[in-house]
Amino acid sequence: MATVELRFSASPEHVRTARLVAAAVARRAGVDESVLDELRLAVGEACSRAVGLHAIHGLTTPVRVALTEGEKTFSIEVGDDAPSAVPAPRDRTAGEAAEETDELGLAVISGLVDDVEVMSDAAGGKIRMSWPTAGAPLS
């Protein structure tokens, strides 16, 4: 199982680079050309979400992206260091701030990727997405 790891400072200008690297590695891993646009968009959303969460929490740690080629799947994991509770602006509750930050981006990702898993705890969060590669049975 080959893995490419990418770390970038939580800055919006690096999201495009992450998208391009993800698409290139996915193509090399055997992901079908017809889903590469959706893959790029999903990675962009996941990385933008991580960058936004780092900004909200004032974190200077890098956003992490792991691109893993399995036997029949290609997976991408985007990790952040933001705790699961989002601080609220003065005029909104923490729940409303968290919903606004997460819901739209996660809805877009879920619409683009059939196999997605979102995990978070006090140490940070991860979004894991995977796609079949050439030779994998289509579901």
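This is a working chat about a predicted model of a protein and how its helices, sheet and core fit together.

Me: What does the secondary structure of the protein come to?
Reply: In this predicted model, the protein has 3 helices and 5 strands, and from the N terminus on its elements run β-α-α-β-β-α-β-β.

Me: How do the strands line up in the sheet?
Reply: The 5 strands form an open sheet in the order β1-β2-β3-β5-β4, with antiparallel pairing. β1 and β4 (115-121) are at the edges with a single partner strand each, so one side of each has no neighbour in the sheet. From one strand to the next, the twist averages 15°.

Me: And how many bridges join β1 to β2?
Reply: There are 7 bridges between β1 and β2, and the two strands run antiparallel; as one example, Val4 has Leu67 as its bridge partner in β2.

Me: Which strands do α1 and α2 touch where they pack on the sheet?
Reply: Helix α1 packs on the sheet by touching β1, β2 and β3, and its direction makes about 160° with that of β3. Helix α2 also packs on the sheet, where it touches β1, β2, β3 and β5, and its direction makes about 15° with that of β3.

Me: Let's stay on α2 for a moment; what is its reach from first C-alpha to last?
Reply: The 22 residues of α2 reach 32 Å from the first C-alpha to the last, which is close to the 32 Å expected at 1.5 Å a residue. Just after this helix, Gly58 takes a positive phi of about 65°.

Me: Which residues of α2 are buried?
Reply: The buried residues of α2 are Leu36, Leu39, Ala42, Val43, Gly44, Ala46, Cys47, Arg49, Ala50, Val51, Leu53 and His54, so the list includes Arg49 and His54 alongside residues such as Leu39 and Val43.

Me: Changing topic to the largest nonpolar core, which members touch the most others?
Reply: That core has 28 residues, and the members that touch the most others are Leu39, Phe74, Ile76, Val78, Met129 and Trp131. At least two core residues come from each of β1 (2-8), α1 (15-29), α2 (36-57), β2 (63-69), β3 (73-80), α3 (94-112) and β5 (124-132), and α2 gives the most, with 8 residues.

Me: I was looking at Val25; where is it, and what does it touch?
Reply: Val25 is in helix α1, and, leaving aside residues up to four places away in sequence, Val25 touches Val4, Leu67 and Phe74. Val4 and Leu67 are themselves bridge partners, while Phe74 is among the core members that touch the most others. Val25 and Glu69 are 44 residues apart in sequence, yet their C-alpha atoms are 8.6 Å apart in space.

Me: What about Ser75, buried or exposed?
Reply: Ser75, which sits in strand β3, is buried, because its relative accessible area is 17% and the cut-off for buried is under 20%. Not counting residues up to four places away in sequence, Ser75 touches Ala66, Leu67, Thr68, Met129 and Ser130.

Me: Last one, on the whole chain: what share counts as buried, and how much area is exposed?
Reply: Of the 139 residues, 35% count as buried, and the protein exposes about 7800 Å², of which carbon and sulfur atoms supply 51%. As for contacts between residues at least 6 apart in sequence, 65% join residues at least 24 apart.

Conventions. Residues numbered from 1 in each chain as written. Predicted model: local features only at pLDDT ≥ 70, side-chain atom pairs only at ≥ 80, totals over all residues. Heavy atoms only, no water. Core = buried A, V, L, I, M, F, W, Y, C linked by side-chain atoms within 4.5 Å. Buried < 20%, exposed > 50% of the residue type's maximum accessible area, 1.4 Å probe, protein only. Helix = DSSP H or I, 4+ residues; strand = E, 2+ residues; numbered from the N terminus. Expected span 1.5 Å × (residues − 1). Contact = heavy atoms within 4.5 Å. Areas by Shrake-Rupley, 256 points an atom, 1.4 Å probe, with all protein chains shown as cover. Pairing = 2+ DSSP bridges. Axes fitted to C-alpha atoms, helices over the stretch in contact; angles between N-to-C directions.
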